[in-house]
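Trainee: Please take a close look at one part of this structure for me, and then connect that part to the rest of the chain.

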Amino acid sequence: MFSLPPLPYDYAALEPFIDTETMRIHHTKHHAAYVQNLNDALKGKEDLLNMDIFELISNLKKVPEELQTKVKNQGGGHANHSLFWKLMTPKPAKTPSHLLMSLIKKNFKDFKEFQEEFSATAMGRFGSGWAWLVVHGKKLEIIDTPNQESPLSSGLTPILALDVWEHAYYLRYQNRRAEYIDAWWNVVNWEEVENLYSAAQKKKTK
Ligand code: MN3
């Protein structure tokens, strides 16, 4: 069975950038529903229910064909939000560490250019979905996905995630997605981005 992971901070911790009520509803209603729906969809399939969520999403072929769409949507929702919470923090470093910064500069010219490209990708995602920084071979790339599709299902490793579904910002920002994106940069957990990058490197050399 999959379960809702607790937030690593309290619901008010990301104020004023992400408001308390949005965090509460997003976690206890939206994320919780993905977990519940995933468990319901996989009822009786103990082997799948016992998998790590990120392993499951990385290996959709292991799921019976008639359940793949459900797992992609509900399991993707669970995996994506589990990452998203950890990638925000009330006590962020202003910029990435030396290692991460040098990688960003190598792949995107400079930090400002990287932020602009990421924000533009998040703005450009039509309808619901996510913007991502992913590890693709030796490169870092910015991509977006529709709905709850995870980059993991395409063999890419996400190290930064931004939810641009309206439920992620509508209470405070209404239709102003750009303001939400600008605010979100203030709570990015760069330390966790680097942890995910390092884990991706270790996985590759295994
Ligand atoms: Mn969401």
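Mentor: Lys-72 sits in helix H4. The model is a predicted one, and everything below is computed from it. With a relative accessible area of 29%, Lys-72 is partly exposed, because it falls between the 20% limit for buried and the 50% limit for exposed. Once residues up to four places away in sequence are set aside, Lys-72 touches Leu-60, Gly-77, Gln-148 and Glu-149. The contact with Glu-149 spans the sequence: Lys-72 and Glu-149 are 77 residues apart along the chain, while their C-alpha atoms are 6.3 Å apart in space.

Asn-73 is also found in helix H4. Asn-73 is partly exposed, at a relative accessible area of 31%. Not counting residues up to four places away in sequence, Asn-73 touches Tyr-34 and Gln-148. Gln-148 is likewise among the residues that Lys-72 touches. For a sense of distance, Asn-73 and Trp-85 are separated by 12 residues in sequence and by 18 Å in space, C-alpha to C-alpha.

The backbone beside this contact region deserves a remark. Asn-147 is placed in the loop between strand E2 (139–146) and E3. Although Asn-147 is not a glycine, its phi is positive, at about 55°. Most residues other than glycine have a negative phi, and most peptide bonds are trans. Asn-147 is partly exposed, with 40% relative accessible area. Gln-174 shows a positive phi too, about 45°, and is not a glycine either. Gln-174 belongs to the loop between helix H7 (170–173) and helix H8 (177–184), and with a relative accessibility of 30% Gln-174 counts as partly exposed. As for peptide bonds, Glu-15 and Pro-16 are joined by a cis one, with omega about 0°; Pro-16 lies in the segment before H1.

Helix H4 covers residues 68–86 and supplies at least two residues to the lining of the largest pocket. The volume of the largest pocket is about 250 Å³. Its lining residues include Leu-83 and Lys-86, along with Phe-54, Glu-55, Ser-58, Leu-152, Thr-157 and Pro-158. Helix H3 (53–58), E3 and helix H9 (190–205) each supply at least two lining residues as well, and H9 gives the most, with four. Sorted by class, the lining holds seven nonpolar, two polar and three charged residues.

The pocket leads to the division of the chain, which consists of domain 1 (20–86) and domain 2 (98–205). Both domains give residues to the lining of the largest pocket, so the pocket lies between them. The C-alpha centres of the two domains are 20 Å apart. Across the boundary, 19 residues of domain 1 are in contact with 21 residues of domain 2.

The metal site also draws on distant stretches of the chain. The manganese ion is coordinated by His-26 (NE2), His-81 (NE2), Asp-163 (OD) and His-167 (NE2), with distances of 1.9 to 2.1 Å. Along the chain these donors follow the spacing H-x54-H-x81-D-x3-H. Within this set, the pair of His-26 in helix H1 (residues 20–41) and Asp-163 in strand E3 (residues 157–163) links distant parts of the chain, 137 residues apart. Both count as buried, because the limit is under 20% relative accessible area: His-26 is at 2% and Asp-163 is at 0%.

His-31 belongs to helix H1 as well. His-31 counts as buried, at 0% relative accessibility. Apart from neighbours within four places in sequence, His-31 is in contact with Leu-4, Pro-5, His-26, Gly-77, His-78, His-81, Ser-82 and Trp-85. His-26 and His-81 in that list are also among the residues that coordinate the manganese ion. Gly-77 in turn brings the account back to its starting point, since Gly-77 is one of the residues touched by Lys-72.

Terms used. Residues are numbered from 1 along each chain as its sequence is written. This is a predicted model: local features need pLDDT of at least 70, side-chain atom pairs count only at pLDDT 80 or more; totals for chains, interfaces and linings use all residues. Side-chain values use heavy atoms; hydrogens and water are left out. Donors are N, O and S atoms within 2.8 Å of the metal (3.2 Å for Na, K and Ca); water is not among the atoms, so sites may look incomplete. Buried means under 20% relative accessible area, exposed over 50%, partly exposed in between (1.4 Å probe, protein chains only). On a 1 Å grid over the protein atoms alone, a cavity is a set of points where a 1.4 Å probe fits but cannot get out, and a pocket is an open set with protein on both sides within 12 Å along at least five of seven lines; lining residues have an atom within 4 Å of a point. Grid points are joined across faces, edges and corners, and a volume is the space filled by probe spheres set on the points. Ala, Val, Leu, Ile, Met, Phe, Trp, Tyr, Cys and Pro count as nonpolar, Asp, Glu, Lys and Arg as charged, and the others, Gly among them, as polar. Domain bounds come from an automatic or database domain assignment. Contact means heavy atoms within 4.5 Å.
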